[in-house]
Amino acid sequence: MRVYRTALAVSLCAFSSLAFAADAKITFHKNVEPILQARCQGCNRPGEAAPMSLLTYSDARPWAKSIKQAVLIRKMPPWSADGSVGHFRNDRRLSQSEIDTLAGWVDDGAPEGNPKDAPAALQFSEGWAIGKPDMVLEMPTAYDVPAQGTVDYQWILIPAFKEDKWIQAFEVRPGNRAIVHHVAAFWRRAGSPWMADAKPGIPTPKPSAVSENGSADGIIAEYVPGIPPLVLPKGYAMRLPAGADIMLQVHYTPNGTATTDRSSVGFIFAPEKPEYQVITYGMAAPALKIPPFEANYEAKASATFGIDVRLLGINPHMHLRGKSSEITITYPDGRNEPLLRVPKYDFNWQITYEPEGDIRLPAGARLDAVSYFDNSRNNPFNPDPSKEVHWGDQTSDEMMAVFMHLAFPSNIDARRLYQRPSYPPKAPAE
């Protein structure tokens with residue numbers, strides 16, 4: 001009897017150990033789904049930038065091995081900034097614990113687990129990530145995109161505003177993501193000579209936002225894969241003066257099938273004049289001349305601010321030859337510090353990096369940007385390494401620019417931002 005009881009106890013212990021091991025197995029609903037909700041589902045859902053949905057187990061299971069590979073090499077979620085420089089509130093990087101969980105789930109056979117363990121499903125706004133817009137402006141007619149060839153940028157005038165408006169949130173919704181590379185929304189003041197011949201709703205090919213008849217008065221926001229809609233903090237908004245209208249710059253990339261597009265933009269307006277005005281500010285190096293087969297071409301740009309500003313977001317922009325970028329702050333007293341370093345630029349995921357905390361740049365502060373381009377055969381994305389490359393709109397051309405969202409008190413004239421302040425000369429060192 002004693003032997004029987006001992007054997008039974010051993011069996012029960014073994015069974016308990018097996019049951020514990022079974023309970024400890026990583027499952028989709030209990031362990032993986034919360035990570036996907038927090039890190040992935042914003043893009044990985046129908047109608048968004050990612051090519052597959054990860055909303056449900058049946059969505060994610062066929063991609064299990066790809067998920068493991070992507071997170072182990074830190075390809076996904078996309079985040080190109082060097083983690084040792086600066087802190088950003090929209091940092092998408094997975095923790096090591098999250099990576100281990102996702103990889104372990106795949107190693108365990110990617111089990112579903114108990115649906116009762118699933119967190120509540122996230123609720124996404126139908127069609128609009130910013131929520132229900134106060135105003136939606138849509139291309140009046142669809143644009144026909146050919147199956148092949150190069151399509152010049154199309155500019156589409158949408159008359160809009162009869163009174164001053166303050167934009168709290170703004171979103172571009174591509175009508176056909178398969179062929180819309182980007183949509184940028186520029187604005188122009190009443191009576192502007194820039195594109196004065198444009199007719200509402202009729203696509204007009206133009207080479208640039210700057211022409212012999214002037215230029216846009218500013219850019220509100222844009223759609224590019226990887227950039228979420230513009231949502232400003234409470235008390236911050238972009239101003240559109242009465243009489244202003246919108247010019248959509250649409251870049252189409254034919255994909256082998258003739259199709260159409262009818263994109264739209266949505267606005268949420270601030271209920272009253274905000275404490276801070278926000279503008280999109282850009283600095284660029286337009287005189288690009290990248291030699292054939294050059295693997296490390298350098299381009300620089302800088303900007304000095306005439307007033308105190310708060311930096312809300314910063315986005316380095318290049319095309320397929322873009323290799324890396326670094327932005328540094330130099331303060332009026334001569335101190336300098338790195339702001340952002342992107343060691344491996346990814347054209348397919350152009351991220352606006354949003355600094356954590358309150359980044360204040362005093363009048364006289366200067367931002368310096370240096371970017372590098374790889375026009376060699378070793379760049380697998382290079383359209384033609386034998387070509388000398390210049391600034392241009394098409395993806396096969398290049399750009400070197402840095403776009404920023406800057407905020408300052410709304411009672412200050414925005415033109416002062418562009419005036420370099422003067423400082424008394426420093427006394428010579430003794």
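This is a short tour of one helix, one sheet and one enclosed strand in a predicted model.

Begin by selecting helix α4, residues 64-72, and colour its buried residues, which are A64, I67, A70 and V71. If you look down the axis of α4, these buried residues fall within an arc of 130°, so they line one face of the helix. The spacing fits a general rule: an α-helix has 3.6 residues a turn, so residues three or four places apart point the same way. Now show α3 (57-60) and α5 (96-107) as well, since the buried residues of α4 pack against these two helices. On the face of α4 turned away from its buried side you will find the exposed residues K65 and Q69. Just after α4 comes R74, whose phi is positive, near 60°.

Next, select the open sheet of five strands, whose order is β6-β3-β12-β5-β9 with antiparallel pairing. Its edge strands are β6 (204-205) and β9 (218-223), each of which pairs on one side only. Within this sheet, pick out β5 (residues 180-188) and β12 (residues 245-252), which run antiparallel and are joined by eight bridges. To see one such partnership, select H182, whose bridge partner in β12 is H251.

Finally, move to strand β17, residues 309-317: nine of its nine residues are buried, so the strand is largely enclosed by the rest of the structure. Which strand does β17 meet over seven bridges? That strand is β22 (residues 401-409), which runs antiparallel to β17, and there M404 stands opposite I314. Strand β17 also pairs in the antiparallel sense with β20 (residues 360-361), over two bridges, and here V309 stands opposite L361.

Conventions:
Residues numbered from 1 in each chain as written. Predicted model: local features only at pLDDT ≥ 70, side-chain atom pairs only at ≥ 80, totals over all residues. Heavy atoms only, no water. Pairing = 2+ DSSP bridges. Helix = DSSP H or I, 4+ residues; strand = E, 2+ residues; numbered from the N terminus. Buried < 20%, exposed > 50% of the residue type's maximum accessible area, 1.4 Å probe, protein only. Arc of directions from axis to C-beta. Contact = heavy atoms within 4.5 Å.
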